[in-house]
Amino acid sequence: MKKRIPGYIGICLFILVILAGCSETQPSEQPIVKETESQNTITVAVDGSTFLPDATKSIKRDFSEGLTLKKALMNSGLVDFTADGKRIQSVGEVSLDSSLSWAVKLNGKDIDPENWDMELHAKDEVIIYVKAADNGGDDVAYQTTLLKVSGGNIMPNLNRQYAGVYVQECTVRDVLKSSGIVRMSENNKFVVSVENVIPRMNQRWMIMVNDKELMENGLDMKLNPRDAVKLELTTVS
């Protein structure tokens, strides 16, 4: 057996030489970057900035000849327009009160709604952002309050958010009344309807602030910037 060992060693060395030769003649495989993937797409992004930082997101969509800015916004799956198609009503599930508005930039330049039918080019970048209605200027650091509406288990498809500029010393009642979607009782102590939904006899609109339910006199609670008021349709036990 000892005499055969050198033979085995020789065979192994021979095989290693062949393998080494093959590896030298094979070209190295490098990943191929498909430039067309970036050239034939556009970017549609939402910039919540300080108004709605949680709403910030970015998506890519395929580009096709004749694609207009408005069509790109509609195809993004993020934007809903008003019935007349002239303004953005909501982005995602977020609508704005009269103190704020949705605006659009194309490649860094503001675009007026009357120009939303302009055609896009490949690699264009569309930014949807929030601006204050009073045009206070870029250097103004606005703060917001958020009103959330949930149908709970009763109406699971009802999920909306409404953002507005924070007003010093504002209360929960102030936010509800200024939203435009909440109808209060005559004495302003109870919520009668939300989004035209009136609770049945065994239901009610529960009011929460930062996910904590308010007590009976909670509507007078003063809010801080970025506080979230929530209305949820629940069953009365």
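What share of the contacts in the chain with a separation of 6 or more comes from residues 24 or more positions apart? In this predicted model, such residues account for 58% of those contacts. Keep that number in mind as we walk through the fold.

Let's begin with the overall picture. The chain has 237 residues, and buried residues make up 38% of them. Its secondary structure comes to four helices and 15 strands. The chain exposes about 15,800 Å², and carbon and sulfur atoms supply 51% of that area.

A good place to step inside is strand β1, which covers residues 41-47. This strand is mostly covered, with six of its seven residues buried. Look at its partners next. Strand β2, residues 57-62, runs antiparallel to β1, and six bridges join the two. You can find one spot in this pairing at Ala 45, which stands opposite Ser 58 in β2. Strand β8, residues 125-132, is parallel to β1 and is joined to it by five bridges. Here Val 46 of the chain has Ile 128 in β8 as its bridge partner.

Now turn to another sheet. Eight strands form an open sheet with mixed pairing, and their order is β3-β4-β5-β10-β9-β15-β13-β14. Which strands stand at the edges? They are β3 (79-81) and β14; each has a single partner strand, so one side of each is left without a neighbour in the sheet. Within this sheet, β4 (residues 88-91) and β5 (residues 94-96) pair in the antiparallel sense over two bridges. Val 91 has Val 94 in β5 as its bridge partner. As you look along any of these strands, a general point may help: in a regular strand the side chains alternate between the two faces of the sheet.

With the strands in place, we can look at what is packed inside. The largest nonpolar core has 33 residues, and those with the most contacts inside it are Leu 52, Ile 88, Trp 102 and Ile 128. You have already met Ile 128 as the partner of Val 46. Several elements each supply at least two residues of this core: β1, α3 (69-75), β3, β4, β5, β6 (100-106) and β8. Why does this core lie between domain 1 (41-132) and domain 2 (144-235)? Both domains give residues to the core, so it lies between them.

Leu 52 is a nice residue to zoom in on. Not counting residues up to four places away in sequence, Leu 52 touches Val 94, Leu 96, Trp 102, Val 130, Leu 146 and Ala 163. There is also a second, separate core of 24 residues, which includes Leu 147, Ile 181, Met 184 and Val 194.

Finally, let's visit two loops, where the backbone does something worth a look. Glu 169 is found in the loop between β10 (155-165) and α4 (172-178). Although Glu 169 is not a glycine, it has a positive phi of about 70°. Arg 226 sits in the loop between β14 (212-213) and β15 (228-235). The phi of Arg 226 is near 70°, again a positive value in a residue other than glycine. Are these residues buried, exposed or something in between? Glu 169 counts as partly exposed because its relative accessibility is 44%. Arg 226 counts as partly exposed too, at 48% relative accessibility.

How values were computed. Residues numbered from 1 in each chain as written. Predicted model: local features only at pLDDT ≥ 70, side-chain atom pairs only at ≥ 80, totals over all residues. Heavy atoms only, no water. Buried < 20%, exposed > 50% of the residue type's maximum accessible area, 1.4 Å probe, protein only. Pairing = 2+ DSSP bridges. Contact = heavy atoms within 4.5 Å. Areas by Shrake-Rupley, 256 points an atom, 1.4 Å probe, with all protein chains shown as cover. Core = buried A, V, L, I, M, F, W, Y, C linked by side-chain atoms within 4.5 Å. Domains from an automatic or database assignment.
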